[in-house]
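This report is a first walk through one protein chain for a reader who has not met it before. Please look over the sequence and the model below, and then read on.

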Amino acid sequence: MTLSSVHHCRRRTAHESCSFGGDLSQLSVWPVSNSLKPFFFPYRTASNMENNHTFLYFAYGSNLLKERLQLKNPSAIVHCVARLKDYKLVFGNHKGLASDRWHGGVATIEHSPGDEVWGVVWKMNISDLESLDDQENVMLGAYSPVELSVKTKGQEINCRTYIMNSCVYAPPSPQYLQVIVMGAQQNGLPKYYQEKLRAIKTNMYYGPLPMMITLNKKKRVPV
């Protein structure tokens, strides 16, 4: 596995996008709050929603860090660490609009045969589904919820995750990357993958970020 497996994207023009590609028939829209409009993926019921109380969510970005995810989703507990095959981690912004929260590109995934993305599968109460969608700006069309299969300890499980729409590549801020790295370390992602995360180039923005101040109250995160 080369360093490109955790992909720091080159900057693209506003006319280029980092759509996830791949076989759309393997992705499906998950049920979201009733106020949301249908998405572009064929609908089917997520198989891991075994009851009406919980669901499984695969996090690969800032939500790797427990303190970040639990800010608005207090029910989240670690289910397992898992690997997503034939995808790579990339950074960008929806339609090129920079993130006010993180002052740089934010994480998404795109189809890439032979690559892999490591992440954490969280078990969450269905009552947190709307707040998770809100965090990912689903209503604004920034991300789409999809179902995909991840591998863990020799078995495959279906999870909810999010993929950015109309993504224009942009490097992350150091603070955003720091949160991802801390989450990877906190949950014991493979050492080689943690090193690849640390090697990602940032936009070198070191100004104040309210989110980091908030996280610092939950965890000792340097700001």
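Is Cys-80 buried or exposed in this chain?

## Two cysteines

The model shown here is predicted, and in it Cys-80 counts as buried because its relative accessibility is 12%, which is under the 20% limit used for that word. Cys-159 is also classed as buried, with a relative accessibility of 0%.

What, then, does a search for disulfides in the whole structure find? The search returns 0 disulfides. For Cys-80, the closest cysteine sulfur belongs to Cys-159 and lies 6.7 Å away, so the pair is too far apart for a bond, given that a disulfide requires sulfur atoms within 2.5 Å. Seen from the other side, the closest cysteine sulfur to that of Cys-159 is the one in Cys-80, again at 6.7 Å and too far for a bond.

## The chain as a whole

The secondary structure comprises 5 helices and 7 strands, and reading along the sequence gives the order β-β-α-β-β-α-β-β-β-α-α-α. The chain has 223 residues, of which 53% are buried, and it exposes about 11,000 Å², with carbon and sulfur atoms supplying 52% of that area.

When contacts between residues at least 6 apart in sequence are considered, 78% of them join residues at least 24 apart.

## The nonpolar core

In soluble globular proteins, nonpolar side chains tend to be buried together. In this model the largest nonpolar core holds 57 residues, and the members that touch the most others are Tyr-57, Trp-102, Val-121 and Val-150. Strand β4, which covers residues 106–125, contributes the largest share of this core, with 9 residues.

Tyr-57 can be followed further through its contacts beyond four places in sequence, which include Val-120, Val-121, Trp-122 and Met-124. Cys-159 is another of the residues that Tyr-57 touches, and so the cysteine with 0% relative accessibility appears again here, counted as buried. The list for Tyr-57 also includes Asn-63, Leu-69, Leu-132 and Glu-136.

## Around Glu-136 and Gln-135

Where does UniProt place the feature "active site"? An unreviewed UniProt entry puts this feature at Glu-136, and, as annotations of this kind may be inferred rather than shown by experiment, the label should be read with that reservation. In the model, Glu-136 is found in the loop between α2 (129–135) and β5 (143–152), and it counts as buried because its relative accessibility is 11%. Leaving aside neighbours within four places in sequence, Glu-136 is in contact with Tyr-57, Asn-63, Ala-142, Tyr-143 and Tyr-162.

Gln-135 is found in helix α2 and is buried as well, with a relative accessible area of 10%. Beyond four places in sequence, Gln-135 touches Asn-63, Arg-68, Asn-73 and Arg-101. The C-alpha atoms of Gln-135 and Leu-69 are separated by 9.3 Å, although these two residues are 66 residues apart along the chain.

## Helix α3

Helix α3 runs over residues 174–186, and its 13 residues reach 18 Å from the first C-alpha to the last, close to the 18 Å expected at 1.5 Å a residue. How many of the residues of α3 are buried? The helix is mostly covered, with 10 of its 13 residues buried, among them Pro-174, Tyr-176, Leu-177, Ile-180 and Met-182.

The cover over these buried residues includes α1 (66–69), β3 (77–94), β4, α4 (191–198) and α5 (210–218). Just after α3, Gly-188 takes a positive phi of about 70 degrees.

## Positive phi away from glycine

Most residues other than glycine have a negative phi. His-103, however, has a phi near 55 degrees, a positive value in a residue other than glycine; it is found in the loop between β3 and β4 and counts as partly exposed, at 38% relative accessibility.

Ser-166 likewise has a positive phi, near 50 degrees, and is a residue other than glycine. Ser-166 is found in the loop between β6 (155–164) and β7 (167–169), where it is partly exposed, with a relative accessible area of 40%.

Terms used: Residues numbered from 1 in each chain as written. Predicted model: local features only at pLDDT ≥ 70, side-chain atom pairs only at ≥ 80, totals over all residues. Heavy atoms only, no water. Buried < 20%, exposed > 50% of the residue type's maximum accessible area, 1.4 Å probe, protein only. Core = buried A, V, L, I, M, F, W, Y, C linked by side-chain atoms within 4.5 Å. Helix = DSSP H or I, 4+ residues; strand = E, 2+ residues; numbered from the N terminus. Contact = heavy atoms within 4.5 Å. Expected span 1.5 Å × (residues − 1). Areas by Shrake-Rupley, 256 points an atom, 1.4 Å probe, with all protein chains shown as cover.
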